[in-house]
Amino acid sequence: MSFRTISVIGLGYIGLPTAAAFASRQQHVVGIDINAHAVETINRGEIHIVEPDLDTVVKQAVQQGFLRAATQPVAADAFLIAVPTPFKGDHQPDMTYVQAAALSLAPVLKPGDLVILESTSPVGATEQMADWLAEARPDLSFPQQQPNSPDIHIAYCPERVLPGQVMVELIKNDRVIGGMTPACSERASELYRIFLEGECVVTNARTAEMCKLTENSFRDVNIAFANELSLICAQQGINVWELIALANRHPRVNILQPGPGVGGHCIAVDPWFIVAQNPELARLIRTAREVNDAKPHWVLDQVKAAVADCLSESGKRASELTIACFGLAFKPNIDDLRESPAMEVAHLVASWHSGTTWVVEPNVQQIPAVLASEATLVTLDQALTQADVLVMLVDHHAFKAVSGEQVSQRWVVDTKGVWR
Ligand SMILES: NC(=O)c1ccc[n+]([C@@H]2O[C@H](COP(=O)([O-])OP(=O)(O)OC[C@H]3O[C@@H](n4cnc5c(N)ncnc54)[C@H](O)[C@@H]3O)[C@@H](O)[C@H]2O)c1
Ligand SMILES: CC(=O)N[C@@H]1[C@@H](OP(=O)(O)OP(=O)(O)OC[C@H]2O[C@@H](n3ccc(=O)[nH]c3=O)[C@H](O)[C@@H]2O)O[C@H](CO)[C@@H](O)[C@@H]1O
């Protein structure tokens, strides 16, 4: 049975590209978001987030009548939930957005519908969502009550696209399909096959939930290993970039790159979901989070040491020194500053330093409000020619194009190894 209408709940970095991907295959899609500004923007055929190629797909889908947005759920044959799943202050997962989304769609559910949770979630979240739906709709049967022929099919199908390459990876990546029953998996696979060129790999809901958390924890642990090596190498007078390049010549070694810390809204968050549910067992995963979260403070210590050297050699006072931080984004060549370790370092430096702090970020027009009172946004050229201490935080293309000679007469803290 085909899907006459597909509804995506939550039109952010995941939900909007997913809605657009279905709509681009001539499916009728209704996107739901509580953010009225996002809904109005999408209905004009525009987008409210930055992601390459998303604007053209959304524009065409809206113009052709396959995609529209609304603030309240309407009846559909398949619902995909892609709302935020942040953690709370104590690193426990915050599932209130998923609960609100599930309860908002419950009134429009009808027999034969499919509900998919895409939000990154702790193990057991899909069963919990099914219970919320069952409580809200006692007139319908759900897989936990009637596994063989429920009115509503439910699955967990995590998203694994890389920000910046979403429109390609959404279609090409293999997708893990975690149905609450095999029939639920089959129905969910049928839905994704509408646009998916990758494979639908079927498992159960709990394994699919854990798989998503595992992927990001694996990357976090590998980056933590690189970050720990960077501390050890600094102590031992070894160039960590050369070391990792040499070690990676081994056919079975593949170490990631150190940096100022780990940012974004996935890798710095998701491993905590495993730790929260397994506090005694998830020792390595917790330590990786701690190692990566501590890195900005270590970078500040490096900056303090460079400033001390600069003061003793230049004879200047601290208040006369200018420190320039290169990059604010959470990773190269994007404008996303959310949860960025570079932002954290810039803030730590600016609040400690008694002189002038500059930041260079070619991907933004304005300095973020949190830094506005303590730092100034300047051009790359100004920072390179006039600052005393240079702090490299993000390996943007524009910064990698700067030669080592251009910075050789300055005190440099290079967290990305681009000016070595
Ligand atoms: N961004 C990524 O790279 C990425 C990748 C894989 C998985 N994920 C996961 O996908 C989920 C969504 O992430 P995102 O980056 O798209 O978040 P986002 O903040 O960009 O978008 C979420 C959207 O949901 C809306 N929303 C919140 N509550 C709602 C409700 N009750 N009903 C309707 N809309 C509601 C918000 O207004 C927002 O527009 C999270 O669980 C995240 O961990 C994100
Ligand atoms: C397993 C995986 O690949 N998951 C991806 C990840 O997407 P992301 O954009 O958050 O991931 P990254 O590009 O790794 O960046 C994260 C931070 O790590 C820093 N970093 C990176 C590599 C390195 O060698 N050294 C570093 O220091 C980088 O600067 C930045 O701060 O999560 C998404 C949501 O779940 C997934 O969908 C997506 O597949």
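**View 1. Helices and strands across the chain.** The chain folds into 16 helices and 13 strands; these are DSSP runs, helices being H or I over at least four residues and strands E over at least two, numbered from the N terminus. This is a predicted model, where local features need pLDDT of at least 70, side-chain atom pairs count only at pLDDT 80 or more, and totals for chains, interfaces and linings use all residues. Residues are numbered from 1 along each chain as its sequence is written, while chains are lettered from A and ligands numbered from 1 in the order in which they are written. Measuring along the principal axes, the C-alpha trace spans about 80 × 50 × 40 Å.

**View 2. What sits around ligand 1.** A shell of 27 residues surrounds ligand 1, with Gly10, Gly12, Tyr13, Ser119 and Thr120 the closest (near here means a C-beta atom, placed from the backbone, within 6 Å of the molecule). Helix 4, residues 96-105, gives the largest share of that shell, four residues. By type, the shell has 16 nonpolar, nine polar and two charged residues; Ala, Val, Leu, Ile, Met, Phe, Trp, Tyr, Cys and Pro count as nonpolar, Asp, Glu, Lys and Arg as charged, and the others, Gly among them, as polar.

**View 3. Helix 10, tucked inside.** Six of the eight residues of helix 10 (residues 270-277) are buried, so the rest of the structure largely encloses this helix. Buried means 20 or more other C-beta atoms, placed from the backbone, within 10 Å of the residue's own. The six are Asp270, Pro271, Trp272, Phe273, Ile274 and Val275. They pack against helix 8 (205-236) and helix 11 (283-314), with contact meaning C-beta atoms, placed from the backbone, within 7 Å.

Note on methods: Buried ≥ 20, exposed ≤ 12 C-beta atoms within 10 Å, placed from the backbone. Contact = placed C-beta atoms within 7 Å.
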